[in-house]
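User: Take a close look at one part of this model for me: how the strands of chain A pair up. I'd like the partners laid out residue by residue, and then put in context.

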Amino acid sequence: MGLLSDPNRRKALTSLLTRLNTPICVVCYLAGIVWFMGLAFEPFTLRTYMSENAMGSTMVEERFSSGERALGLAKEFDAHKRKAGGMPVEWLVKSMQARGLEVFTQSFSRKLPFPDENKERYMVRGTNVYGILRAPRAPRTEALVITAPCSPGHSNNQAVGLLLALAQYFRNQIYWAKDIIFLVNEHDLIGTQAWLEGYHHTNITGMEYSPLQGRAGSIQAALSLELSSDVITSLDLILEGLNGQLPNLDLANLFYAFCQKLGVLCTIQGKLQRNDWDTAEGYTHAAQTMMLMVLKQACGRSWGDHGLFLRYHIEAASIRGINSFRHYKMDATTTGRLLEGMIRKLNNLLERLHQSYFFYLLPSLSRFVSIGYYMPAFGLLAVILLLRALDLWVHLGSPALAAVDGVTEAEQPSSPGVLTVLTPVVISHLTGVALYLLPVHLQEMAVEHFPVSETEAVVLTAIAIYTAGLALPHNTQRLLSGEGTEQGWKVLKLTALLYLAVLLGCTALINFSLGFILAVTLVPITASITPHMPKVLCALAMVLLSPAFSILYCVFIYQELVEAPVGLGEGWMLFLSVISQGILDHALYGSLVYPLLALFIYPCWLMFWNILFWN
Amino acid sequence: MDYYNLMTICAFINLLVSIPQAYSNYVEDKQSWTVFSSGHTNNWAVLVCTSRFWFNYRHVANTLSVYRSVKRLGIPDSHIVLMLADDMACNYRNPKPATVFSHKNMELNVYGDDVEVDYRGYEVTVENFLRVLTGRLPPSTPRSKRLLSDDRSNILIYLTGHGGNGFLKFQDSEEISNMELADAFEQMWQKRRYNELLFIIDTCQGASMYERFYSPNLMALASSQVGEDSLSHQPDLAIGVHLMDKYTFYLLEFLEEVHPASQANMNDLFKVCPQSQCVSTPGHRTDLFQRDPGSVLITDFFGSVRKVEITKDTIHLTSSVKPPIQRSGSGDMQIESLTYVDQLPVAEIIHQVTALIYYDADFACYPPSLTDRKESTAPLASGKETSGSWPEMFRRANALGLPTLPALHHKTPKI
């Protein structure tokens, strides 16, 4: 043993920690929750500020004035879209060429693993059209992207119209230091994915696409436009990207600065900012905004076309025009000017946006919570797992404490223990693998035997496997090692606790919101579970706090927060569609939430389930 | 005071060339020298912008506006060392190519038609700046990139960029400290590279940059005190950046009023940009300067003004322009002892390395008494040699260098 450590003091510390373990854990849990809820309280947050010197201020003279032309182009686009029954490729190519851009098209096709019922698509085939405005005096080493999705129906025509009008205006300016790419993509995210993969010569998701014929330099930033009305009352900024990635906070600051300058109402999560932070309503409003961001980020999907850019380290955001019943409206010229100002400032960038935060939560557009402030909330929850593990470790070690030198002796009886632990671990993970693989692969078989659609088959198979996991004969270790011992479940729980701590810790580092939500639901039950508790009650509690139910709660809370509360039946349908979307997002764009839950979190939870039924 | 300076230089030349008779002629003929009130015969300017990047447009405009002023007041390009760390006129983001404006609404284009930038882009480094000041440039450096000043030169040094307490940032990678700058000026003084020096800096906490100066004949101005920021001026929406900094903007406004015959003096310069205009508090330091700032004309530093007095009286200049003196009478001994030692005899014999060591040893031998020229002049003028005088130096180098040459030769590795 180390000469420098005092065994007596260490013993005192461990005895204190074991004696007060439960109260400390309870305090930690409550403190974690309170800390998190406190983050939305304005005095605890920081005011946003522009960190990037190159974008410094809003010192730009916005001269864009062809809002009317943009709306005209939107109407023309709409007519051609209807005529072509989809993307009017020829018209777009022609009108972009007429504006002096280098125009290229890219066709792509993709067969979804199962039909997407939300967007009604299965075999996707489409074309992206993009035009490159070359910077007149600069080398072609850097680029900016403005993208507008070509959506079915009448939506988003104004975005395309504004895109073309901006292209025409930008073409006549000589101050561009970066090429500007104007992209109209079909089939929203699938088109963006195809274009990005083509641009960067990667193929992550097995998409089929034709190679890009024209390239500009490395993309520094991207803005995605979503406008579906001629006038707007406010602009909403959408930041959450794939896997909970966020763009640099300076991009949000830039948007906010120009909204302030031009007097445009701006929202985040569709919520306007309130100034009365010291009232209960003000605080609730900020907390709701932040909770919405947490929920959106946790679900790991891309909430706009910008979301896929983030994977390539391209700072991107979606700007969505909202036309509500407010009296004060803004025309397309103002929106165009706002974009002009932002693009002009992005044009001044000398290096990628990196000065400001990448990890943050926004209770409003002018206030942010940095990673240093929100991480302790998660840390307080995660430390519970470690404290419980320490407690178990001390309990496991105390009988063998008599023989300090008998390490080899102590390992002799624990060798069957390895099997005791290994069996449930392996079985749980096999269940996880089944949950990950089977739903998609067994859909045809399921469709044959049951009167359901493919999508339903996939989701219901997933739920069936999830439920079957609970009923698996978890006491297989008895066949191998006889009666489950007291020692056995403690070792298993120790392993499971450390495993869960590592899992949640890693998750929270990448996607804080997901890690935090999982910690809030999983930590209390996993920390307290033992085989000696009333079985039925505990089993019910465990199921209610399992990952699947967490998703269900999130669906209800989300609907509540966006002020569209749903009943149980509707909520259940939404839950099913969330699961199918999660699986699709993983297959199409590589979202990691579904595999994380299926392959790691669920098996880990099963291990605790095992402990409950230990005998 | 001027005569005193004059005597110094005269005595110096005298001693080296060993013409005791000529010396007396110089001193006696004071009439012709009174026209030079400041004692300088030539003017130099070193103008430095240390910042890169488009958003630092204003620093380039600052420097160019001073460049414009000194050029207008008569300092030729050959006597201006202009260092610009970035090229704003040709920046892609400049909506008005080939211009750098100092005023809103494009009132004044300080880029002008004829700009000669001596050090540009990544050439603007602390090392190059110090080398220019101290004259330790590689032999290949063209004359246009050198500060070829002498001890009759008045030098204007203007710096602008981003600074802090005790330093000025160069580019984005290095900085010069106030102590380094003070030491560089001391070297210049010891190497007799200036007569008087005016130092102006427009940067945050600019006063910190001159507080360590210790060499004589320095006058310094700064745009802000320690702990203060210097602020920008003239935000221009069309160009999209701030065009200038407040201090230099008002400095330029002041200089635009100065003409070659102007009698504006340094006290007027100190009043430029009061706190009401600048927000920061401009500072100045005159304690190292020998003359009264009120008697120092702006054109002594910003211009290259040759005083011309029209007179109908005949002035006798004959004695001073008298050609070579008969040396035969003085005797061989004297001539031999006071000729220049060949500065680099080594190069003829062996490698460059040995030569460099010799060269450095030469500079290392400067005695401290040389720092104050006034003290050393009296004995020089009287014809005696003190330990610090030049002939002594040469002799010492001689004694040091020549006997050890063979030894050095053996030790030097082949390169």
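Analyst: Two strands pair if DSSP finds at least two bridges between them. Helices (H or I, at least four residues) and strands (E, at least two) are DSSP runs numbered from the N terminus. The model is predicted, with pLDDT of at least 70 asked for local features, 80 or more for side-chain atom pairs, and every residue used in totals for chains, interfaces and linings. Residues count from 1 along each chain as written, chains are lettered from A and ligands numbered from 1 as written, and side-chain values use heavy atoms, without hydrogens or water.

Let's start with E3(A), which spans residues 121-133. This strand is mostly covered, with 10 of its 13 residues buried (buried is under 20% relative accessible area, exposed over 50%, partly exposed in between, with a 1.4 Å probe and protein chains only). One partner is E2(A), residues 102-116, and these two run antiparallel over 11 bridges. To find your place in that ladder, go to Val103(A), whose bridge partner in E3(A) is Gly131(A). E2(A) and E3(A) are joined as a hairpin, with 4 residues between them. In that turn, Glu120(A) has a positive phi of about 50 degrees.

E3(A) also pairs with E5(A), residues 179-186. That pairing is antiparallel too, and 5 bridges hold the count. Here the pair to look for is Leu133(A), which stands opposite Ile180(A) in E5(A).

Next, there's an open sheet of 3 strands in chain A, ordered E1-E12-E11 with antiparallel pairing. E1(A) (46-47) and E11(A) (360-364) stand at the edges with a single partner strand each, so one side of each has no neighbour in the sheet. E1(A) meets E12(A), residues 367-370, through 2 bridges, again antiparallel. In E12(A), Arg367(A) sits opposite Arg47(A).

Now for the setting. Chain A carries 20 helices and 12 strands, and its C-alpha atoms fill a box of roughly 85 × 60 × 45 Å along the principal axes. Of its 615 residues, 55% count as buried. If you take the contacts (heavy atoms within 4.5 Å) in chain A at a separation of 6 or more, 82% of them come from residues 24 or more positions apart.

Chain B gives you another hairpin to set beside the one in chain A. E10(B), residues 232-236, pairs antiparallel with E11(B), residues 241-245, over 4 bridges. Asp236(B) faces Val241(B) in E11(B). The hairpin has 4 residues between its strands, and Gly240(B) in the turn shows a positive phi of about 90 degrees.

Carry on along chain B and you reach H7(B), residues 246-256, where 9 of the 11 residues are buried. Among the buried ones are Tyr247(B), Phe249(B), Tyr250(B) and Phe254(B), along with Leu251(B), Leu252(B) and Leu255(B). Lys246(B) and Thr248(B) are on that list too.

As for chain B overall, DSSP gives 15 helices and 12 strands. Of its 415 residues, 51% count as buried. Its contacts between residues at least 6 apart in sequence join residues at least 24 apart in 74% of cases.
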